[in-house]
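Biologist: Could you take me through this one and justify the labels as you go?

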Amino acid sequence: MGDLFLVRHGETEWSRSGRHTGWTDVPLTEHGREEARRLVPLIRSHRIGAAFVSPLQRARETAQLIGISDARVDADLREWDYGGYEGVTTVEIQRSRPDWFLFTDGVTPGPPEHPGETAEQVGERADRVLAKAEAALANTEGIVLLIAHGHFLRVLAARHLGLPPRHGALFQLATGSLGRLGTEHGRPVVAGWNIRPH
């Protein structure tokens with residue numbers, strides 16, 4: 001059985017400026033496209049058994065740029081719903097909430113169609129994705145690839161290890177980078193993190 005590879009999409013204007021980007025469908029920058037292209041040798045050196053991608057264009061474009069044209073779009077891979085903090089930077093939030101931290105303090109309510117999510121709600125989606133990935137791994141000789149978003153993939157890594165969703169805070173993940181989740185002696189491990197080509 002293979003490992004689970006996590007790809008965070010390349011840079012966007014909003015990720016570069018630190019704006020929380022949940023549902024806003026912003027494209028990659030040219031630098032973000034280059035970040036994605038640089039991942040090709042790291043990914044293509046492995047047999048890909050299955051691939052899943054977030055529906056948002058920054059993730060779908062990253063998938064295309066790394067040569068994955070047949071990834072299954074999965075809404076559970078979308079980024080954290082930041083509610084009222086969509087488009088707002090941490091620095092701006094901390095002007096009124098000085099000790100605010102996403103993973104423990106959550107978000108303020110947003111519009112009805114994007115009310116915001118708690119870490120636990122993001123964790124529930126991550127658990128569903130992990131179940132789908134484990135089913136795919138059981139039926140393939142290769143790796144399973146997930147192309148998605150920074151905060152979501154951090155929560156997913158925590159859940160893979162059996163940690164509460166808020167412990168995703170421990171797994172900073174840069175744009176255009178790769179994480180590798182696997183097992184050792186039957187126990188879940190992080191086999192690699194923030195991997196980027198030299």
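Modeller: Let's start with Trp80, which touches Gly22, Leu102, Phe103, Val107, Glu117, Thr118, Ala119, Val122, Arg125, His151 and Val155, leaving aside residues up to four places away in sequence. Bear in mind that this is a predicted model, where local features need pLDDT of at least 70 and side-chain atom pairs count only at 80 or more, while totals for chains, interfaces and linings use all residues. Numbering runs from 1 along each chain as its sequence is written, and side-chain values use heavy atoms, without hydrogens and water.

Biologist: What makes something a "touch"?

Modeller: Heavy atoms within 4.5 Å. Trp80 also turns up among the residues with the most contacts inside the largest nonpolar core, together with Leu4, Leu6, Val144, Leu146, Phe152 and Leu156. That core has 34 residues.

Biologist: What makes it a nonpolar core?

Modeller: The term covers buried Ala, Val, Leu, Ile, Met, Phe, Trp, Tyr and Cys residues joined through side-chain atoms within 4.5 Å. Here β1 (4–8), β2 (48–53), α6 (102–105), α7 (119–138), β4 (143–148) and α8 (150–160) each give at least two residues to the core. The largest share, eight residues, is from α7. Another core, of 16 residues, lies apart from this one, with Val7, Leu39, Ala63 and Leu145 among its members.

Biologist: Where do names like α7 and β4 come from?

Modeller: They're DSSP runs numbered from the N terminus: helices are H or I with at least four residues, strands are E with at least two.

Biologist: Why is Ala133 called buried, rather than exposed?

Modeller: Buried means under 20% relative accessible area, exposed over 50%, and partly exposed in between, with a 1.4 Å probe and protein chains only. Ala133 has 1%, so buried it is. Ala133 sits in helix α7 and touches Leu4 and Val144, again not counting residues up to four places away in sequence.

Biologist: How do you know how well α8 is covered?

Modeller: Ten of its eleven residues are buried, hence "mostly covered". Phe152, Val155 and Leu156 are among the buried ones. The cover includes β1, α6, α7, β4, β5 (178–184) and β6 (187–195).

Biologist: Why are α2 and α4 called parallel, perpendicular or oblique to each other?

Modeller: Their axes (lines fitted to C-alpha atoms over the stretch in contact, with angles from 0 to 180 degrees between N-to-C directions) come within 8 Å and cross at roughly 45 degrees. Under 35 degrees is roughly parallel, over 145 roughly antiparallel, 65 to 115 roughly perpendicular, and the rest oblique. So α2 and α4 come out oblique. Arg33, Ala36 and Arg37 of α2 meet Glu61, Thr62 and Leu65 of α4. That contact splits into two nonpolar, one polar and three charged residues.

Biologist: What makes His185 stand out in phi?

Modeller: His185 isn't a glycine, yet its phi is positive, about 55 degrees. Most residues other than glycine have a negative phi. His185 lies in the loop between β5 and β6. At 77% relative accessible area, above the exposed cut-off, His185 is exposed.

Biologist: And what is Asn194 called, buried, exposed or partly exposed?

Modeller: Partly exposed: its 26% falls between the two cut-offs. Asn194 belongs to strand β6, and its phi is positive too, near 55 degrees.

Definitions and conventions. Ala, Val, Leu, Ile, Met, Phe, Trp, Tyr, Cys and Pro count as nonpolar, Asp, Glu, Lys and Arg as charged, and the others, Gly among them, as polar.
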